[in-house]
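This report describes selected elements of a structural model and the contact between its chains. The sequence and the model are shown first.

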Amino acid sequence: MEEDWVFAYDRTWEGMLTAVFDAFSRRCFPVAFIGEEEVRPLFASVHTVLTDGERAARVFRALQKKLSAQALTCLTVSMFSELPDLYIHLFRYVCKALTAEKSIETNFADPDVLFVTNTYRKVCRERLRMMQFVRFQKTADGTYFAMIEPDYDVLPLILPHFSDRFSEERWLIFDRRRRYGYYYADHQPVRVTFDAQDAVFRLPDGRLTEEMRDAEESCYQELWRTYFKAVCIRERLNPRKHKKDLPVRYWKYLTEKQKP
Amino acid sequence: MPLRNLFRGGTFFEGKSGRRGTSLPRFSYICGNGDGETERMKEDTLKKLRILAESAKYDVSCSSSGTVRRNTKGGVGNTVGGVGICHSFAEDGRCISLLKVMLTNYCIYDCAYCINRRSNDIPRATLSVSELVDLTMEFYKRNYIEGLFLSSGVVRNPDYTMERLVRVAKDLRTVHRFNGYIHLKSIPGASHELVDAAGLYADRMSVNIELADEASLKRLAPEKDHASVYRPMLYIQQGALESAEERRRHRHAPRFVPAGQSTQMIVGAAGESDRDILSLSSALYARPTMRRVYYSGYVPVNTADPRLPVLKQPPLVRENRLYQADWLMRFYQFRVEEIVDEAHPDLDLEVDPKLSWALRHPEHFPVDINRADYEQILRVPGIGVKSARLIVCSRRFGRLTSFDLKKMGCVMKRAQYFITCGELKGRGVNELHPERVRSLLTHKTSEREPDAVQLHLDFKEEPV
């Protein structure tokens, strides 16, 4: 019986492409992917993929000949989901695309194509939700600050949107779960991290304390809460739809759902 | 205080000078530094905002779609286009995309269905132009809203009111360089010049028809008629077409109401049928620049008026069915005569209009998923635009089975009676009777049946 192979890699897009290169050059195709730091499985051989920019670029150039730009976006964006199930599907998608005569990107009857496309859709939905539900608070020095906890790592994807929208402001969006953020000033976003004992981790629901806030901040928050309550038509209450559109897991950081 | 001190230990500010943004002069009309005067002003604005939001909320339009505009240098905001962004959702399930307020809820008109009518004894308020502009900018910068939806009660005369609306939009666009979304109501009876001026600043404009039937409109709103609604609609259409023509010649000619116009009809306040409403919508959609018709189930705000029906609850299901029919006309290539006709002037409240059409026309089914045209697949209940596109793309690679369809997101519960895909030998709508299919699909299982595979142990109490 042939033995099963498991590939361990660094969970980057380049790592994935290198894995494809390795698979073709070694003629062994893995049955699963694990992260580099994960525990090795007992009954399978493990090959550790060493991410190589050159090999990845070679695979990518080959892929560009086989897939449209849209499909390539779909592949790269789906990586942001960080779903452990995704990697093997993604790998098989890339392998199939490379060996197929014509582009397989619209064959949604293929489970791998469908899985990757659906993951892409999920990431896009999360990205849209972050564009909707980011709530800035003005700090005492005029920076706008927002804290988020998205399901997928979509902060880099919403960056262009906010950079265009608030290009003259200084702002900071911080992903608490993944412990990094982007600080935008002088028309340039910078990736930032904070020490574990930093004040930013001591804000329970992302709300700035009184001395951190701008003097007018609480006033505008109050106005927004008032508006949110006033605009609802009581005769048409529909709590089920409300929770569907505005899932409870986002309420924590929403100004209108916080208590004054 | 620089941010560095706020988040102690921040590692990213090295080498960055905390340059003050090149922000515009501050307009602090609302919130001040906490002395008595500003405290009072804040209370005042809170009250006004509450009153005016409550007055504006019965207008259902809230979309921020239709325009794509990038930010300009030194400006604030952009407009993303596509389906727009909804920033929040109210507890009644409607989205909050725009700051929807009235400039004032004083009104000289006395329309029976409207909460702001002259004869109602409600709290009245007026926002000043600067207050509203400040509110919009501050809300926008906190990412609460996508822009402004501005409407107003009619004070003095239509032109006076319209001019104030235009001033708000103009201030936002020119003084504050606001590039977010602006939706302006055109006041019925406003002059052509003012509509033209408004169109240069607004993304979308709207005039509400309110009632599909002109006689009912005259009965319920004695000061209005359909002509006063259609005239501003025509002005908007004319302006948009002229601007499009102009922009073909000069790339930088100003845009005029780039997101087109919308309108709204109240459902259930007078005796009109769904056929009246949908025929009018269909005629409106045939016009250039008309993008959306909204349907608003009548909420009984003025219960004492003898001209209005007594409703226990707003007609929410009917409203939902009308929207579904609207979608069929806009995205599913249905004609209005197919959805409602003389024999069926009202939509079926029990099943959705697409299923209702399919049950009335079993001769169009079953549809072969692997061969039929896109248009035919679109007409299958349970298959939407997205699934239909996926089907058409995927079947080039091989035959599709019902399993694939399910994976793609088709609602097989409904679709199974109307399709064939080679292997499925189930009984379709023609073998069963349409009536039978209807009862199968509308029948609700009140309680979950116990799982047949699960062994059921019946511990009866032993008689002592």
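In this predicted model, strand 7 (residues 261-267) of chain B runs parallel to strand 8 of chain B, and seven bridges join the two. Within this pairing, B:Thr263 stands opposite B:Val293 in strand 8 of chain B. Strand 8 of chain B covers residues 290-297 and is mostly covered, with six of its eight residues buried.

Parallel pairing also appears in chain A, where three strands form an open sheet in the order 2-1-3. Its edges are formed by strand 2 (32-35) and strand 3 (45-48) of chain A, each of which pairs on one side only. Direction ignored, neighbouring strands of this sheet are turned by 30° against each other on average. Strand 1 (residues 5-9) of chain A pairs with strand 2 of chain A in the parallel sense over four bridges. A:Ala8 stands opposite A:Ile34, a residue of strand 2 of chain A.

The two strand pairs described above are set side by side in the table.

| Strand pair | Sense | Bridges | Opposite residues |
|---|---|---|---|
| Strand 7 and strand 8 of chain B | parallel | seven bridges | B:Thr263 and B:Val293 |
| Strand 1 and strand 2 of chain A | parallel | four bridges | A:Ala8 and A:Ile34 |

Helix packing is considered next. Two packed helices are described by the angle between their axes and the distance between the axes. For helix 3 (residues 69-78) and helix 5 (residues 111-133) of chain A, the angle is about 70° and the axes are 8 Å apart. Angles of 65 to 115 degrees count as roughly perpendicular, and helix 3 of chain A and helix 5 of chain A are therefore roughly perpendicular to each other. Their crossing is left-handed. Helix 3 of chain A contributes A:Cys74, A:Leu75, A:Val77 and A:Ser78, which meet A:Val116, A:Thr117, A:Thr119, A:Tyr120 and A:Val123 in helix 5 of chain A. Of the residues in this helix contact, six are nonpolar, three are polar and none is charged.

The contact between the chains takes 60 residues from chain A and 65 residues from chain B. On the side of chain B that touches chain A, at least two residues each come from helix 1 (3-6), helix 2 (36-56), strand 1 (88-89), strand 2 (95-96), helix 3 (129-141), helix 13 (385-394) and helix 14 (402-408) of chain B. Helix 2 of chain B gives the most to this side, with seven residues. By class, the side of chain B that touches chain A has 29 nonpolar, 20 polar and 16 charged residues.

Methods: Residues numbered from 1 in each chain as written. Chains lettered and ligands numbered in written order. Predicted model: local features only at pLDDT ≥ 70, side-chain atom pairs only at ≥ 80, totals over all residues. Contact = placed C-beta atoms within 7 Å. Nonpolar A, V, L, I, M, F, W, Y, C, P; charged D, E, K, R; others polar. Axes fitted to C-alpha atoms, helices over the stretch in contact; angles between N-to-C directions. Parallel < 35°, antiparallel > 145°, perpendicular 65-115°, else oblique. Left-handed = near helix turned anticlockwise from the far one by under 90°. Pairing = 2+ DSSP bridges. Buried ≥ 20, exposed ≤ 12 C-beta atoms within 10 Å, placed from the backbone.
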